[in-house]
Amino acid sequence: MQGKVEICGVNTAQLPVLKSAETRALLERARAGDKAAREKLISGNLRLVLSVVQRFAGRGESMDDLFQVGCIGLIKAIDAFDLSQNVQFSTYGVPMIAGELRRFLRDHSALRVSRSMRDTAYKVLQVREKLTAETGREPDVETVAAALQIPRQEVVFALEAICDPVSLYEPVYSDLGESATVMDQIGDKRNTDEHWLEQIALADAVKRLSPREKRILALRFYDGRTQMEVARAVGISQAQVSRLEKTAIQQIKKNITAS
């Protein structure tokens with residue numbers, strides 16, 4: 001069948017679509033305890049769930065799992081919908097379904113984020129969605145922070161905390177079969193291969209020194225002591241410290257050059 005999509009064993013091409021009047025009538029019957037009406041409401045709004053779920057595709061989660069979570073959001077919306085309000089069920093249901101999906105993705109993130117940070121992020125997303133619906137455009141960080149009465153930094157940190165991690169080998173550009181990855185865009189002038197090799201060679205050269213030479217170099221270059229202070233600490237003359245220090249440095253240079 002054209003357009004057939006199987007999710008959780010459900011053929012989405014055959015899902016029923018309820019009209020607004022039918023939805024309200026079923027909501028009234030379901031509120032009165034009619035279980036059959038409630039079941040019909042759920043099946044009649046599965047397309048609504050599917051439309052929301054598709055917004056969250058590509059997050060590393062199974063579409064079947066997301067669809068089931070979306071159905072939980074739909075059921076919560078059916079049970080909590082206020083019939084006295086003059087709004088369509090879909091207007092209320094979409095944010096409820098989306099919120100349930102966000103909570104699921106947030107709680108199953110590859111990176112563990114504190115509960116307080118996740119709660120702040122959830123509030124930020126709610127306010128941003130509300131302001132977007134009211135103004136027709138997405139609000140900036142300052143507007144969201146003012147609405148929640150929290151510092152701007154908290155909004156930024158909360159949103160960054162729930163972002164999906166990106167692989168360093170994720171392609172960001174491709175041309176004629178050659179791809180540039182995130183790793184290619186990151187520069188670290190300090191932790192280069194040459195730097196690590198130098199550190200390894202230096203550590204190996206220091207290991208070959210005598211215990212006294214190691215102690216003298218540690219006192220001089222790690223603790224920053226003068227030769228006279230080192231002499232008092234080691235129990236030898238300043239001239240001996242000077243000679244041993246010079247000999248140790250020469251030996252390190254020789255070992256590094258040889259390696």
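**Packing and side-chain pairing around helices α2 and α3**

In helix α2, which spans residues 35-44, the buried residues include A37, L41, I42 and G44; buried here means under 20% relative accessible area, exposed means over 50%, and partly exposed lies in between, with a 1.4 Å probe and protein chains only. Helices (H or I, at least four residues) and strands (E, at least two) are DSSP runs, numbered from the N terminus. The model is predicted, so local features need pLDDT of at least 70 and side-chain atom pairs count only at pLDDT 80 or more, while totals for chains, interfaces and linings use all residues. Residues are numbered from 1 along each chain as its sequence is written, and side-chain values use heavy atoms, with hydrogens and water left out.

The cover over the buried residues of α2 includes α1 (20-31), α3 (46-53) and α4 (63-80), where contact means heavy atoms within 4.5 Å. At the start of α2, the backbone nitrogen of A36 has a side-chain oxygen of D34 within 3.0 Å. Such a polar contact is a pair of N or O atoms within 3.5 Å; within protein, one must be able to donate a hydrogen and the other to accept it, and residues adjacent in sequence count only if both atoms are side-chain atoms.

D34 has a second partner, for its side chain meets that of R29 in a salt bridge of 3.2 Å, N to O. A salt bridge is defined as a side-chain nitrogen of Lys or Arg within 4 Å of a carboxyl oxygen of Asp or Glu. R29 is partly exposed at 43% relative accessible area, and D34 is partly exposed at 27%. Helix α2 also takes part in a salt bridge through R38, whose side chain meets that of D79 at 3.0 Å, N to O. This pair links distant parts of the chain, with R38 in helix α2 and D79 in helix α4, 41 residues apart. The relative accessible area of R38 is 26%, which makes this residue partly exposed; D79 is also partly exposed, at 45%.

Between α2 and α3 comes a loop that holds N45. How accessible is N45? With a relative accessibility of 8%, N45 counts as buried. Not counting residues up to four places away in sequence, N45 touches L18, L74 and F89. Beyond this loop, helix α3 is largely enclosed by the rest of the structure, because 6 of its 8 residues are buried. These buried residues of α3 are L46, L48, V49, L50, V52 and V53.

F89, one of the residues touched by N45, also belongs to an aromatic cluster together with F81 and Y92. The count of aromatic pairs comes to 2, taking rings of Phe, Tyr and Trp (its six-membered ring) as paired if their centres lie within 6.5 Å, with planes under 30 degrees apart counted as stacked, over 60 as edge-to-face and the rest as tilted. The ring centres of F81 and F89 are 5.6 Å apart and the planes stand at 75°, so this pair is edge-to-face. F81 is buried at 3% relative accessible area, and F89 is buried at 5%.

Which side chain meets that of R220 in a salt bridge? The partner is E245, at 2.7 Å, N to O. R220 lies in helix α11 (residues 211-222) and E245 in helix α13 (residues 238-258), so the salt bridge ties together parts that are 25 residues apart in sequence. In addition, K76, E100 and R103 are joined into one network by salt bridges that share partners. E245 counts as buried, at 10% relative accessibility. Leaving aside neighbours within four places in sequence, E245 is in contact with I216, L217, R220, F221 and Q227. R220 in turn lies over the face of F221, at 5.4 Å from the ring centre; for a charge to sit over a ring, NZ of Lys or CZ of Arg must be within 6 Å of the ring centre and within 35 degrees of the ring normal.

Turning to the whole protein, there are 13 helices and 4 strands, and a search of the whole structure finds 9 salt bridges. Of the 259 residues, 30% are buried. Among contacts between residues at least 6 apart in sequence, 50% join residues at least 24 apart. The accessible surface comes to about 17100 Å², with 52% of this belonging to carbon and sulfur atoms; accessible areas come from the Shrake-Rupley method with a 1.4 Å probe, and for residues only the protein chains shown count as cover.
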